[in-house]
Amino acid sequence: MAILLYFLQCANPGVAMKRIEAVVKPFKLDEVREALAEVGVSGLTVTEVKGFGRQKGHTELYRGAEYVVDFLPKVKIEVVVTEKLLDAAIEAIIKAARTGKIGDGKIFVSAVEQVVRIRTGEVNEAAV
């Protein structure tokens, strides 16, 4: 067991992996997914989320009563890529998600120390 753990920690140590988390408007999801596929991103995770930034909320009418919607629906897209694919993936998200209006979203990039494919035990770049 210790040998396997050592192998997993040492395999491909020089490959830098990055996690991209993009929070975008829900109707832009398909465009972003297609743009990422075009640059070589092979998998992603999508979560329906709610939040606000500078866009804040807005008021709506329901049965004649006005109410404030504080949290706006968004989708969070998460992908893990190698560092060489990072800039292309970010550009693809920006081009596909941008409407030019407030609330287009944000992109967060963080380091990923290790990726392991559960089924095969492949690690890092091979696991993505």
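User: Which residues does Leu36 touch, leaving out those up to four places away in sequence?
Analyst: In this predicted model, Leu36 touches Val41, Leu44, Ile77, Val79, Ala89, Ala92 and Ile93, when residues up to four places away in sequence are not counted.

User: Which residues touch the most other members of the largest nonpolar core?
Analyst: Leu36 belongs to that group, together with Ile20, Val32, Val41, Val79 and Val81. The largest nonpolar core has 19 residues.

User: Which helices and strands each supply at least two residues of this core?
Analyst: Two strands and two helices do so: β1 (17-24), β5 (72-82), α2 (29-38) and α3 (83-97).

User: And which one gives the most?
Analyst: Helix α3 does, with eight residues of the core.

User: New topic: pockets. How much space lies in the largest one?
Analyst: The largest pocket holds about 290 Å³ of space. A total of 14 residues line the largest pocket, and Phe52, Gly53, Arg54, Gly105 and Lys106 are the closest to its centre.

User: Where does the lining of the largest pocket come from, in terms of strands?
Analyst: Strands β2 (45-51) and β6 (105-112) each supply at least two of the lining residues. The largest share is that of β2, which contributes three residues.

User: How many of the lining residues of the largest pocket are nonpolar, polar or charged?
Analyst: The lining of the largest pocket has five charged, five polar and four nonpolar residues.

User: What about the second largest pocket: how much space, and which residues line it?
Analyst: The second largest pocket contains about 160 Å³ of space. Its lining is made up of Arg19, Ser42, Gly43, Leu44, Thr45, Glu78, Val79, Val80 and Val128. Two of these names have come up before, since Leu44 and Val79 are among the residues that Leu36 touches.

User: Which element gives the most to that second lining, and how does the lining divide by class?
Analyst: Strand β5 gives the most to the lining of the second largest pocket, with three residues. By class, this lining has four nonpolar, three polar and two charged residues.

User: Moving on to charges: how many salt bridges are there?
Analyst: The structure has six salt bridges. As a general point, side chains of opposite charge can pair when their charged atoms come close.

User: What does Lys76 pair with?
Analyst: The side chain of Lys76 forms a salt bridge with that of Glu21, at 3.6 Å from N to O. Lys76 is in strand β5 and Glu21 is in strand β1, so the pair links distant parts of the chain, 55 residues apart.

User: Is Lys76 buried, exposed or partly exposed, and why?
Analyst: Lys76 counts as partly exposed because its relative accessibility is 23%, and the partly exposed class begins at 20%.

User: What about Lys28 and Glu31: how do their side chains meet?
Analyst: They meet in a salt bridge, with 3.2 Å from N to O. Lys28 is buried because its relative accessible area is 9%, and buried means under 20%. Glu31 is partly exposed, with a relative accessible area of 39%.

User: And which residue does Glu125 bridge to?
Analyst: Glu125 forms a salt bridge with Lys84, and the closest N and O atoms are 3.5 Å apart.

User: Why does that pair tie together separate parts of the sequence?
Analyst: Glu125 lies in the segment after β6 and Lys84 lies in helix α3, so the bridge ties together parts that are 41 residues apart in sequence.

User: Are those two partners buried, partly exposed or exposed?
Analyst: Glu125 counts as partly exposed at 36% relative accessibility. Lys84 is exposed because its relative accessible area is 71%, and exposed means over 50%.

Conventions
Residues are numbered from 1 along each chain as its sequence is written. This is a predicted model: local features need pLDDT of at least 70, side-chain atom pairs count only at pLDDT 80 or more; totals for chains, interfaces and linings use all residues. Side-chain values use heavy atoms; hydrogens and water are left out. A nonpolar core is a set of buried Ala, Val, Leu, Ile, Met, Phe, Trp, Tyr and Cys residues joined through side-chain atoms within 4.5 Å. Buried means under 20% relative accessible area, exposed over 50%, partly exposed in between (1.4 Å probe, protein chains only). Helices (H or I, at least four residues) and strands (E, at least two) are DSSP runs, numbered from the N terminus. Contact means heavy atoms within 4.5 Å. On a 1 Å grid over the protein atoms alone, a cavity is a set of points where a 1.4 Å probe fits but cannot get out, and a pocket is an open set with protein on both sides within 12 Å along at least five of seven lines; lining residues have an atom within 4 Å of a point. Grid points are joined across faces, edges and corners, and a volume is the space filled by probe spheres set on the points. Ala, Val, Leu, Ile, Met, Phe, Trp, Tyr, Cys and Pro count as nonpolar, Asp, Glu, Lys and Arg as charged, and the others, Gly among them, as polar. A salt bridge is a side-chain nitrogen of Lys or Arg within 4 Å of a carboxyl oxygen of Asp or Glu.
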